[in-house]
Amino acid sequence: MTAPVPSADGATPSAATCRHTTLRAYLPVAIAAAVLAAVPLALGGSGYLMSLATTALVFAAYAIGMNVIFGSSGQLFLCLGALAGVAGFTSVLLADDQGWPLALSVTTGVVLATAIGALFSWVAVRRNLGVIFVGIVTLAFSLVFTNLVQGLRTLTGGETGRVVDAGGAALRGPISSYYLFLGVVVGFLALYRWLEGSRTGWAWRALKDDPVAAELAGVDVARARILAGTIGAAMVGLIGALFAHHEAFISPTSYAFAHVDVRVLIVIAFGGIGSLLGPVVGAVMLGVIDEVLRPLGQLRLAVYGALLLALFLGFRRGVVPAVADVVTTWRRARTPSDAPAAGRGTRASKH
Amino acid sequence: MLRVEDLYVAYGDIEVVHGIDVEVAPGEVVGIIGSNGAGKSSLLRAVCGLHPARSGEIRLAGRSIIGDPTFRIARAGLTYVPAERRLFPDMTVLDNLLMGAYPQRPAPGRVDEVVALFPRLQERRRQAAGTLSGGEQQMLAIGRALLAGPEVLVLDEPSTGLAPALADEVYAALRILRDDRDLTLILAEQQVGRALALVDRAYVIEQGRVRLQGTAAELRDDPDVQRAYLGIA
């Protein structure tokens, strides 16, 4: 069927309006990219601050992956760190020990992480696992992964980790690596926005609302879920692999549950689960909190736990959707009452 | 169009449908009537693939659909509207309708055609479906199903939980659909009087078996049906 996307009022828009709507949907991505691109200028070339900013981008990217897996299709993967670590260790072992070219080793790591993510989704769908059981199974995988890495000491360096040689200037320089990870984040955001408007995005929205209703409407719920797990795991794997080569050091701690999963959950809970820019806003916020809490040392983890509890109990909607609502209400109050609410209920409504 | 042969349905060890045969011709309007717990919903849930059948055969336009997943049966042209409606509560009325056409986009004007059948939906286009009243939700559920462009529309208790005036409104729309002879309509209903006023033919289900079948007129005149379902002594 070639009919264009119906607009919010059900009328069929012309091709020009359609293109306009499509471009407008990517506007938040472009604005975020522009703002983030200016960050190095604002930080005045401080190596320390740049490394914090890069870390924030890494977590924003992880969180976008989690948004695809959990935010879109409700699969609670508690193994983001492990998936990232699978890709990271695979890439480092292949590049440093086997002499593979970096692009190939990273790709192999990503493929492996993607396959594992797809497998979890497939098992969850086949066994009809609920949110909690998906959480338990993937958390168990996180534990297995950590133990495996610690046990295979000759390969991985065990608990102390190992130095990573393969990398290159682009991945290591404070400014260049910032822009590299920014490129990844912007790419992920654009992909996320595109997915939202696609058939798959509609399937995710529907199955998140009511999987049985989605199935009755003709949505292949199993396929949509597996697709979410696969795409999200690929994103997480890519970041995990790049991060290892960027840091020039790899250890189980970099991919530990407490280090990755807990923080990513804070990021998406704070930013807004399933919102486009939520991961970016949440990751910036986490970076600031990280700095403020630095004097606490190991106690920070306890604070993160408490923060996660507070966010999930009291503020699950997240800051981005909350702000978007305020803006919508304000705009509606300014326009005559019969005017359509700005973009509500259309594909471009979530910022 | 739809043929159910010797169908058995069970929940665990408890068998609730014991060998039902139903046959519906293209364009026919057929009622599945009976009291609460007779097995009507279990029969329909098995037909649309929401619950596995224990044994038997289900054919849609000659092709076996037994064991197929629900989404595939829906795409093959059989759309089921459950008694509990199953809307997408967080989506707007319009998005619910658009979702009905998944995986395609509705043909231009199709949404307007469906909304014309249920004018109440027009006013509520941008409202979240979860905020609709019961009657409006039922209308939206039927509207969403129509956007799938089904060949067979299966409605489970469309008057459940509705005030009589709203049930009348829903049935008025169903009468319009009945006159569209491209659509095959299957309707499960406990309000037997209402159903018999609409359908061409009906099956009376009792305790998981077909007790009686016949044209609407035959069943209206049947003394057993009158006594058990129509409140005529």
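**Exercise 1. Determine the handedness with which H4(A) passes H15(A), and describe the packing of the two helices.**

Solution. In this predicted model, H4(A) passes H15(A) in a right-handed crossing. The next step is the geometry. Helix H4 of chain A spans residues 47–73 and helix H15 of chain A spans residues 278–293. Their axes are 8 Å apart and form an angle of about 135°. Angles over 145 degrees would count as roughly antiparallel, and those from 65 to 115 as roughly perpendicular; H4(A) and H15(A) are therefore oblique to each other.

The final step is to list the residues in contact. From H4(A) come A:Tyr48, A:Leu52, A:Ala56, A:Phe59, A:Ala60, A:Ala63, A:Ile64 and A:Asn67. They meet A:Pro279, A:Val280, A:Ala283, A:Leu286 and A:Glu291 of H15(A). By class, the contact of H4(A) with H15(A) comprises 11 nonpolar residues, one polar and one charged.

**Exercise 2. Establish how H15(A) and H16(A) are oriented, and which residues make their contact.**

Solution. Begin with the axes: H15(A) and helix H16 of chain A (residues 300–314) pack at about 140°, with an axial separation of 10 Å. This angle makes H15(A) oblique to H16(A). The crossing in which H15(A) passes H16(A) is right-handed.

Turning to the residues, H15(A) contributes A:Leu286, A:Ile289, A:Asp290 and A:Leu293. H16(A) contributes A:Arg300, A:Val303, A:Tyr304 and A:Leu307. Six of the residues in this contact of H15(A) with H16(A) are nonpolar, none is polar and two are charged. A:Leu286 takes part in the contact of H15(A) with H4(A) and also in that of H15(A) with H16(A).

**Exercise 3. Characterise the interface between domain 1 and domain 2 of chain A.**

Solution. First, fix the bounds: domain 1 of chain A covers 31–314, and domain 2 covers 318–351. The C-alpha centres of these two domains of chain A are 30 Å apart. Their contact involves 14 residues of domain 1 and seven residues of domain 2.

Next, consider the area. The size of an interface is often given as the accessible area lost when the parts come together. Between them, domain 1 and domain 2 of chain A bury about 910 Å², with 53% of this area on carbon and sulfur atoms. Of the area that domain 1 of chain A buries against domain 2, A:Arg193, A:Trp202 and A:Arg205 supply 33%, more than any other three residues.

**Exercise 4. Identify the cis peptide bond of B:Pro103 and locate this residue.**

Solution. The bond joins B:Tyr102 to B:Pro103 and is cis, with omega about 5°. B:Pro103 is placed in the loop between helix H3 (93–100) and helix H4 (110–117) of chain B.

**Exercise 5. Locate A:Ala248 and B:Arg85, and state the sign of phi for each.**

Solution. Take A:Ala248 first: its phi is near 65°, a positive value in a residue other than glycine. A:Ala248 lies in the loop between helix H13 (221–247) and strand E2 (249–250) of chain A. B:Arg85, likewise not a glycine, has a positive phi of about 70°. The loop that holds B:Arg85 runs between strand E6 (78–81) and H3 of chain B.

**Exercise 6. Describe the surroundings of B:Ala197.**

Solution. B:Ala197 belongs to helix H8 of chain B, residues 192–198. Setting aside neighbours within four places in sequence, B:Ala197 contacts B:Arg178 and B:Arg220. The C-alpha atoms of B:Ala197 and B:Arg175 are separated by 9.5 Å, although 22 residues apart along the chain.

Conventions. Residues numbered from 1 in each chain as written. Chains lettered and ligands numbered in written order. Predicted model: local features only at pLDDT ≥ 70, side-chain atom pairs only at ≥ 80, totals over all residues. Heavy atoms only, no water. Axes fitted to C-alpha atoms, helices over the stretch in contact; angles between N-to-C directions. Helix = DSSP H or I, 4+ residues; strand = E, 2+ residues; numbered from the N terminus. Parallel < 35°, antiparallel > 145°, perpendicular 65-115°, else oblique. Left-handed = near helix turned anticlockwise from the far one by under 90°. Contact = heavy atoms within 4.5 Å. Nonpolar A, V, L, I, M, F, W, Y, C, P; charged D, E, K, R; others polar. Domains from an automatic or database assignment. Buried area = accessible area lost by both parts, 1.4 Å probe.
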